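Reader: Before I rely on the labels in this description, I would like to see how each of them follows from a number. Could you take me through them one at a time?

Author: Gladly; here is the sequence with its structure.

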Amino acid sequence: MGVKIGIVYSTVDGQTLKICKKLQEYLKDANTEILLFSIEDFKEDILSFDKLVIGASIRYGVHNDKIIKFINTNKNQLNAIKTAFFSVNLVARKPEKNTPTTNPYVIKFFKTINWKPTVVEVFAGKLDYKKYPFFDRIMIQFIMWMTKGPTDSNTKIEYTNWDKVKLFSNVVQTI
């Protein structure tokens, strides 16, 4: 019997799901079963997995409440298997904020929960102003203005470093 890996995610605009699908592709081999679930649909027994990867995006400085509740509720089961966590946020577009030890959202996240995954990573997300509802677009433009990012409403930039995603998949395979 092979290795069974679950990937659980929350996404707002779809970039975290895109990263999860790429991880699923990278992790797939003859001896590995990889199952992908949104946090809303995950009803599985955590202990039926050899490894569980949790991916969560940021909106307005916080990760999805359902991810936080899931981790807090299932901490003991998560601690019983190999786990990986990754955060997706636009702050990670900056080289000085693109690691788990330098990304303010990841640092804040782990100060608010009592769980230590086996592996942690952070990926930059995607900026696509035309895709956002009016209020989100205005708020994100303001945040980008404050952080010296692009504010033109036609901006569409994928900041995700896909080589870094591939390296993360290699680490997940070895844990």
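Reader: Let us begin with helix α2: against which elements do its buried residues pack?

Author: This is a predicted model, and in it the buried residues of α2 pack against β1 (3-10), β3 (51-59), α3 (75-79) and α4 (104-112). The residues concerned in helix α2, which spans residues 65-73, are I67, F70 and I71. They cover an arc of only 95° around the axis, which puts them on the same side of α2. On the other side of the helix D65, K69 and T73 are exposed.

Reader: What makes N64 a cap of α2?

Author: A side-chain oxygen of N64 lies 2.5 Å from the backbone nitrogen of K66, and a polar contact requires a pair of N or O atoms within 3.5 Å, so the pair meets that distance limit. The end of α2 that N64 caps is the N-terminal one.

Reader: Why is H63 called buried?

Author: The relative accessible area of H63 is 4%, and buried means under 20%, so the label applies to H63. H63 has its place in strand β4, residues 62-63. Leaving aside residues up to four places away in sequence, H63 touches A56, S57, I58, I68, F85, S87, Y105 and F109.

Reader: How do you know that H63 and S87 make a polar contact?

Author: Their side chains come to 2.8 Å, and the limit for a polar contact is 3.5 Å, so the distance between H63 and S87 falls within it.

Reader: What makes the pair of E158 and K18 a salt bridge?

Author: The N to O distance between the two side chains is 2.7 Å, and the rule asks for a side-chain nitrogen of Lys or Arg within 4 Å of a carboxyl oxygen of Asp or Glu, so E158 and K18 qualify. E158 lies in strand β8 (residues 156-158) and K18 in helix α1 (residues 15-27), so the pair ties together parts that are 140 residues apart in sequence. Both count as partly exposed, E158 with a relative accessible area of 33% and K18 with 39%. By this rule the count comes to six salt bridges.

Reader: Why does the pair of E25 and K22 still count, with its closest N and O atoms 3.7 Å apart?

Author: The cut-off is 4 Å, so a separation of 3.7 Å between E25 and K22 satisfies it. These two residues are three apart in helix α1, which separates them by about one helical turn. E25, at 48% relative accessible area, is partly exposed, since the exposed class begins over 50%.

Reader: And are the partners E121 and K164 buried or exposed?

Author: E121 has 16% relative accessibility and K164 has 18%; buried means under 20%, so E121 and K164 are both buried. Their closest N and O atoms are 3.5 Å apart in a salt bridge. This pair links distant parts of the chain, with E121 in strand β6 (residues 119-124) and K164 in helix α6 (residues 162-174), 43 residues apart.

Reader: What makes β6 largely enclosed by the rest of the structure?

Author: Five of its six residues are buried, and therefore β6 is described in that way. Strand β5 (residues 82-89) runs parallel to β6 and is joined to it by six bridges, which meets the requirement of at least two for a pair of strands. Within this pairing F85 stands opposite V120 in β6, and β5, α4 and β6 make a right-handed β-α-β unit.

Note on methods:
Residues numbered from 1 in each chain as written. Predicted model: local features only at pLDDT ≥ 70, side-chain atom pairs only at ≥ 80, totals over all residues. Heavy atoms only, no water. Buried < 20%, exposed > 50% of the residue type's maximum accessible area, 1.4 Å probe, protein only. Helix = DSSP H or I, 4+ residues; strand = E, 2+ residues; numbered from the N terminus. Arc of directions from axis to C-beta. Contact = heavy atoms within 4.5 Å. Polar contact = N/O pair within 3.5 Å; in protein donor to acceptor, adjacent residues only side chain to side chain. Right-handed = clockwise from strand over helix to strand, strands pointing away.
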